[in-house]
Amino acid sequence: MKNNILHIISGLGNGGAEGVLYRLCISTVEKYNHKVISLTTNGKYGTLLQKNGIEVIELGLNKNFFKNIKKIIILYRIIKNSSPDIIQTWMYHADLIGGILGRMAGIKNIYWNIRHTNLDKKKSKITTRLISKACSILSYYLPKKIICCALSSQKIHEEIGYDKNKFFIIPNGYDLNIYKSFIANTKLIDEYNINKNIPILGMVGRYDSQKNHTGLLNSLYLLKNEGIEFKFLLVGRDINLNNKLLNEEINNLNLENNIILLDQQNNIANIMNMLDIHVLSSSFGEAFPNVIAEAMACSTPCISTNVGDAALIIADTGWVTPPMNDIELARAIKDAIFQFKNNKELWKNRKKRCREHILNNFSINKMILNYYKIWGDK
């Protein structure tokens, strides 16, 4: 008989935690009955979960306090009536609300999932910091275990008072039948008339201060001034010609002929296979940057700032630079381009090691086995 798992998550939009929840559910349906509750809206992954036969409930919490009280009562009734064997919560709001309501409903097997690594006063919302502090106090009473996707995340939360004895690290896992090396569909390259004799670099990431597009552009400006040829694909939500601030920065640095804005794309594996090098310029807040692992699984070498567990993911296969250091990032990109152009054998070996490192350490099967251990099915 299958155990019933109720997942409670803040939202089901296009994010890293949401993607992990989706992959976990659809990969374990033969072993568990999954039900997913989004505290806000369904979004991309809510639709995908439903297409795979998994029940999704959209609670619709918003800024209306009184309506939210009614919806939280509804959530309590859902938990009480469904009486799941396990409640798995995802991210602060869900950890707090799901943890409290789960205990009130008499559920003993409650597991939290933390996906955050930065609680700096200047970079995190006050509500996020307050909720995380409340969770730190309740961590001694509500969850059986606290799952973190990154060692860096565990350390930060231990420092703010979470129960040190309950942490369990489960790195993100990837379907290596999807993320693999293949001959990319070059439609985009042809559409933009990209010269295939110059290196194609790129970054996949929404337009957000966390991703530090400004620092990345400054680094690319330094490279261009040295006469280094390249094309750079920027991929992600709000990365388009309607983004006036981004386009002004590109034009002010005279990079309009080097950079192509592609907005959000569905087939990320194809993007990674178009790139010779993937760059992540984040300044803070990353726990386990999915795009690095996805690129490496496609045998695409990576350069990243040292955020979250980026250095652990890349290991000795690529380049890691200090955050918010445009000069060091430019130097790493220059080094990678030089090696790509001048040492084909070394580059071929580097690409091979990228894939092998993800295969050995971050496969979806390894992630699933770790969740089995947590949930009691070893």
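1. Let's start with the second largest pocket of this predicted model. Its lining is made up of 5 nonpolar, 5 polar and 2 charged residues. The space in this pocket comes to about 340 Å³. If you would like to find the pocket on screen, look for Ser10, Leu39, Thr40, Leu61, Asn62 and Lys63, which are among the residues that line it. Further along the chain, the lining also includes Asn68, His93, Leu96, Ile97, Lys125 and Ile131.

2. Which element gives the most to the lining of the second largest pocket? Helix 4 does, with 3 residues. Helix 4 covers residues 92-104, so it is a handy place to go next, because helices that pack together can be described by the angle and the distance between their axes.

3. Helix 4 packs against helix 5, which spans residues 126-138, at an angle of about 40 degrees, and their axes are 9 Å apart. That angle makes helix 4 oblique to helix 5. The crossing of the two is left-handed.

4. Who meets whom between these two helices? From helix 4 come Tyr92, His93, Asp95, Leu96 and Ile100, and from helix 5 come Thr128, Ile131, Ser132, Ala134, Cys135 and Leu138. Sorted by class, this contact has 7 nonpolar, 3 polar and 1 charged residues. His93, Leu96 and Ile131 are worth a click, since they take part in this contact and also line the second largest pocket.

5. Closer to the start of the chain, look at helix 1 (residues 16-27) and helix 2 (residues 43-51), whose axes come within 10 Å and cross at roughly 5 degrees. This makes helix 1 roughly parallel to helix 2. Glu18, Gly19, Tyr22 and Cys25 of helix 1 touch Tyr45, Leu48 and Leu49 of helix 2. The class count for this contact is 5 nonpolar, 1 polar and 1 charged.

6. How many cavities of 30 Å³ or more does a search of the whole structure find? The search finds 1. The volume of the largest cavity is about 30 Å³. Around it you will find Asn212, Gly215, Leu216, Ser281, Thr305 and Pro322, along with Pro323, Met324, Asn325, Asp326 and Leu329. This lining divides into 5 nonpolar, 5 polar and 1 charged residues. Helix 8 (213-225) and helix 13 (326-342) each supply at least two of the lining residues.

7. Helix 13 also leads to the last pair in this note. The axes of helix 13 and helix 14 (residues 344-361) come within 6 Å, crossing at roughly 115 degrees. Helix 13 is therefore roughly perpendicular to helix 14. On the helix 13 side the contact uses Ala336, Gln339, Phe340, Lys341 and Asn342, and on the helix 14 side Lys344, Leu346, Trp347 and Arg350. By class there are 4 nonpolar, 2 polar and 3 charged residues here.

Conventions:
Residues are numbered from 1 along each chain as its sequence is written. This is a predicted model: local features need pLDDT of at least 70, side-chain atom pairs count only at pLDDT 80 or more; totals for chains, interfaces and linings use all residues. Side-chain values use heavy atoms; hydrogens and water are left out. Axes are lines fitted to C-alpha atoms, for helices over the stretch in contact, and angles run from 0 to 180 degrees between N-to-C directions. Helices (H or I, at least four residues) and strands (E, at least two) are DSSP runs, numbered from the N terminus. Angles under 35 degrees count as roughly parallel, over 145 as roughly antiparallel, 65 to 115 as roughly perpendicular and the rest as oblique. A crossing is left-handed if the near helix is turned anticlockwise from the far one by less than a right angle, and right-handed if clockwise. Contact means heavy atoms within 4.5 Å. Ala, Val, Leu, Ile, Met, Phe, Trp, Tyr, Cys and Pro count as nonpolar, Asp, Glu, Lys and Arg as charged, and the others, Gly among them, as polar. On a 1 Å grid over the protein atoms alone, a cavity is a set of points where a 1.4 Å probe fits but cannot get out, and a pocket is an open set with protein on both sides within 12 Å along at least five of seven lines; lining residues have an atom within 4 Å of a point. Grid points are joined across faces, edges and corners, and a volume is the space filled by probe spheres set on the points.
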